[in-house]
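Visitor: I'm new to this one, so could you show me around? I'd like to ask a few things as we go.

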Amino acid sequence: MLIVKHETYNDMSRAVANMIAREIRNNPHTVLCLATGSTPIGIYQELVRLHREEDLDFSQVTTFNLDEYYGLDKNDPQSYSYFMREHLFAHVNVSEQNIHHIRVPSNNLEDVARYCQEYELKIKQAGGFDILIDGIGLNGHIGFNEPADELQSYTHLVDLTQSTIEANSRFFSSMDEVPRHALTMGMATILGAKKILLVASGKHKAEIVNTIMDATITTQIPATLLHLHHDTEMHVDSKAAQLVDQKRSAERS
Ligand code: GLP
């Protein structure tokens with residue numbers, strides 16, 4: 001896994017957006033796997049700017065979202081479908097039929113496995129992801145693949161950990177409103193992407209970035225599995241890179 005450091009959050013967002021834009025310009029049928037969370041927002045803002053000011057054309061692009069809360073309506077402002085519309089889809093010319101979210105009609109638990117399989121099939125039919133973007137949870141989760149003794153390979157329903165529920169409660173008016181379950185692509189779905197771009201920003205991510213860069217692989221820190229992928233880059237700003245920098249300078253002295 002390559003670590004790419006940028007001075008600021010904006011520098012990082014611009015650099016990653018430019019990589020995506022280059023891919024789309026080279027291949028108008030690019031298939032993207034997109035993520036939510038606060039970290040990718042800057043990338044989406046820059047992609048919107050590139051669309052408006054530099055004619056970046058999304059008309060043939062296909063998107064799949066990495067994860068989604070289980071049981072929230074797609075119009076719920078906390079749903080990831082809503083998030084993607086607000087931050088990207090409403091502002092670029094991506095075609096509605098090319099946008100995919102992992103959605104299971106609420107309260108339809110019996111059908112979850114079928115919806116997950118259908119989602120995997122759609123990814124396969126689209127030819128897999130050219131680029132996958134994702135942030136990192138404070139506990140090293142990827143999408144909603146939470147630390148565990150065993151990780152699921154493909155799209156599935158998960159019970160969120162207390163750490164994730166607490167981290168995500170900042171978006172809800174009370175802790176009770178945070179969904180306890182989510183749907184997420186599995187590790188094999190993620191590792192199937194041609195290129196993976198992880199993004200992390202801020203001091204609070206410095207520890208997990210450092211742990212991941214240690215390169216030991218453990219299912220207790222799902223992001224470490226990305227060391228098995230041949231083309232993963234972790235893009236970080238200077239604050240998130242702090243501990244990696246300290247360690248590298250200590251190693252040199
Ligand atoms: C959520 C998402 C993850 C994302 C994580 C980090 O839990 N399911 O896909 O990586 O948030 O979010 P942030 O970028 O806000 O730290």
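Visitor: Which residue has a backbone N or O atom 3.5 Å from an oxygen atom of the ligand?

Guide: Keep in mind that this is a predicted model. A polar contact takes a pair of N or O atoms within 3.5 Å. An oxygen atom of the ligand has such a partner in the backbone at 3.5 Å, and the residue is Ile-136.

Visitor: How much of the ligand's accessible area does the protein cover?

Guide: Taken on its own, the ligand has 390 Å² of accessible area. The share of that covered by the protein is 94%.

Visitor: And how far is the side chain of Ser-38 from the ligand?

Guide: Ser-38 is among the closest residues around the ligand, along with Thr-39, Asp-67, Arg-170 and Lys-205. Take an N or O atom in the side chain of Ser-38 and an oxygen atom of the ligand: the distance is 2.6 Å.

Visitor: What about His-141, how far is its polar side-chain atom from an oxygen atom of the ligand?

Guide: Here the contact comes from the side chain of His-141. Its polar atom and the ligand oxygen are separated by 3.0 Å.

Visitor: How many charged residues are in the shell around the ligand?

Guide: The ligand sits in the largest pocket, and 14 residues surround it. Sorted by class, three are nonpolar and seven are polar, while the charged ones number four.

Visitor: Switching topic, why is Cys-116 in no disulfide with Cys-33?

Guide: A disulfide needs two cysteine sulfur atoms within 2.5 Å. The closest cysteine sulfur to that of Cys-116 is in Cys-33, so the bond is ruled out by a distance that is too far, 14 Å.

Visitor: Is Cys-33 buried or exposed?

Guide: Buried means under 20% relative accessible area. Cys-33 comes in at 0%, so Cys-33 is buried.

How values were computed
Residues numbered from 1 in each chain as written. Predicted model: local features only at pLDDT ≥ 70, side-chain atom pairs only at ≥ 80, totals over all residues. Heavy atoms only, no water. Near = heavy atom within 4 Å. Polar contact = N/O pair within 3.5 Å; in protein donor to acceptor, adjacent residues only side chain to side chain. Areas by Shrake-Rupley, 256 points an atom, 1.4 Å probe, with all protein chains shown as cover. 1 Å grid on protein atoms, 1.4 Å probe; cavity = no way out; pocket = protein on both sides within 12 Å on 5 of 7 lines; lining within 4 Å. Sits in = over half its atoms within 2 Å of the grid points. Nonpolar A, V, L, I, M, F, W, Y, C, P; charged D, E, K, R; others polar. Buried < 20%, exposed > 50% of the residue type's maximum accessible area, 1.4 Å probe, protein only.
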